[in-house]
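Q: Here is the protein I am working with. Please take a close look at its nonpolar core for me, and then walk outward from there into the rest of the chain.

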Amino acid sequence: MNRKTILIIGLQFLCTLLIAQKEYNFLISGSLGYRYSSDKSDITAAPSIEKQEHLIQANPSIGYFITNRIAIGIGIEYQYDYIKYDKYLYTKSIGNEFAISPFLRYYTGFGLFAVAEFGYGSSIINLIGDPIPTQTGYIGGPIKLNYRIIGYSAGIGYSVRLNSNLRIEPMIKYINIKYNEDSENDKDYKSKGLLLNIGFAYYF
């Protein structure tokens, strides 16, 4: 099969997607996700510290179907991130994060769909610990850090039809978020892993 034949087949497939009659024009959805992890710290200055993390994510969004199977849209993402550290200067951290997250969804013809998201926003992290006396003063103690966050996620889900417009959508996705601090304290870190998600969506 030469390149010209492949190009013609690809164009025909694209045209079929574009001219297919759409079942819906818009979707409004809301989802709640949870992740637990127990591994090494992702803090740049302390990569060997053990941690246990609980992450909760809420994500309302709205989308538009550009074809019968492809939807694009934008969401507002909130994350609550609680991390407990073992044998570290700080005993735990509590993070509150907000991000804008454009997304792309592709629907198959039998309920499955794939989704890809990109997120950009900000985060406030509270590091909590008791001050430790030294010869030159104290180190540690509570500290608040401001981060810029950039991340992406990709996952698959299944759309369970409750009626002609309302659906429940369980989903599993992989997230990768980079936290960049504005100061030079070398407390940049990453958060990544699988997130279990459950949501409702209204199609119209």
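A: One cut-off helps before we start: a residue counts as buried when its relative accessible area is under 20%, as exposed when that value is over 50%, and as partly exposed in between. Please also keep in mind that this is a predicted model.

Let's set the scene with the whole chain. The protein chain has one helix and eleven strands, and along the sequence they follow the pattern α-β-β-β-β-β-β-β-β-β-β-β. Of the 204 residues, 38% are buried. Among contacts between residues at least 6 apart in sequence, 63% join residues at least 24 apart. The chain exposes about 11900 Å², with carbon and sulfur atoms supplying 64% of that area.

Now to the part you asked about. The largest nonpolar core is made of 16 residues, and Leu-127, Tyr-147, Ile-149 and Tyr-179 have the most contacts inside it. Five elements give two or more residues to this core: strand S3 (70-86), strand S5 (112-128), strand S8 (143-158), strand S10 (166-181) and strand S11 (189-203). There is also a second, separate core of eleven residues, which includes Leu-27, Phe-113, Met-171 and Ala-201.

Tyr-179 is a good residue to click on. Setting aside residues up to four places away in sequence, Tyr-179 touches Tyr-147 and Ile-149, along with Gln-79, Asp-81, Glu-97, Ser-123, Arg-148, Asp-188, Tyr-189 and Ser-191. Next along the chain, Asn-180 is also in strand S10. Because its relative accessibility is 14%, Asn-180 counts as buried. Beyond its neighbours within four places in sequence, Asn-180 is in contact with Asn-146, Tyr-147, Arg-148 and Asp-188.

From here, let's visit another strand. Ser-101 belongs to strand S4 (residues 92-107). Its relative accessibility is 1%, so Ser-101 counts as buried. Leaving out residues up to four places away in sequence, Ser-101 touches a run of residues from Gly-73, Ile-74, Gly-75 and Ile-76 to Glu-77, as well as Asn-59, Phe-118 and Gly-119.

Two partly exposed residues offer a contrast. Ile-56 is in strand S2 (residues 50-65). It is partly exposed because its relative accessible area is 39%. Apart from residues up to four places away in sequence, Ile-56 touches Leu-32, Gly-33 and Tyr-34, and also Tyr-78, Gln-79 and Tyr-80. Ile-56 and Leu-195 are 139 residues apart along the chain, yet their C-alpha atoms are separated by 9.0 Å. The other one, Leu-89, lies in the loop between S3 and S4. With a relative accessibility of 28%, Leu-89 therefore counts as partly exposed. Its C-alpha lies 9.0 Å from that of Ile-128, while the two residues are 39 apart in sequence.

Finally, a stop at the largest pocket. The volume there is about 240 Å³. It is lined by 15 residues, and the closest to its centre are Glu-23, Asn-68, Tyr-107, Thr-108 and Arg-167. Sorted by class, the lining has six nonpolar, five polar and four charged residues.

Technical notes: Residues are numbered from 1 along each chain as its sequence is written. This is a predicted model: local features need pLDDT of at least 70, side-chain atom pairs count only at pLDDT 80 or more; totals for chains, interfaces and linings use all residues. Side-chain values use heavy atoms; hydrogens and water are left out. A nonpolar core is a set of buried Ala, Val, Leu, Ile, Met, Phe, Trp, Tyr and Cys residues joined through side-chain atoms within 4.5 Å. Buried means under 20% relative accessible area, exposed over 50%, partly exposed in between (1.4 Å probe, protein chains only). Helices (H or I, at least four residues) and strands (E, at least two) are DSSP runs, numbered from the N terminus. Contact means heavy atoms within 4.5 Å. On a 1 Å grid over the protein atoms alone, a cavity is a set of points where a 1.4 Å probe fits but cannot get out, and a pocket is an open set with protein on both sides within 12 Å along at least five of seven lines; lining residues have an atom within 4 Å of a point. Grid points are joined across faces, edges and corners, and a volume is the space filled by probe spheres set on the points. Ala, Val, Leu, Ile, Met, Phe, Trp, Tyr, Cys and Pro count as nonpolar, Asp, Glu, Lys and Arg as charged, and the others, Gly among them, as polar. Accessible areas come from the Shrake-Rupley method with a 1.4 Å probe; for residues, only the protein chains shown count as cover.
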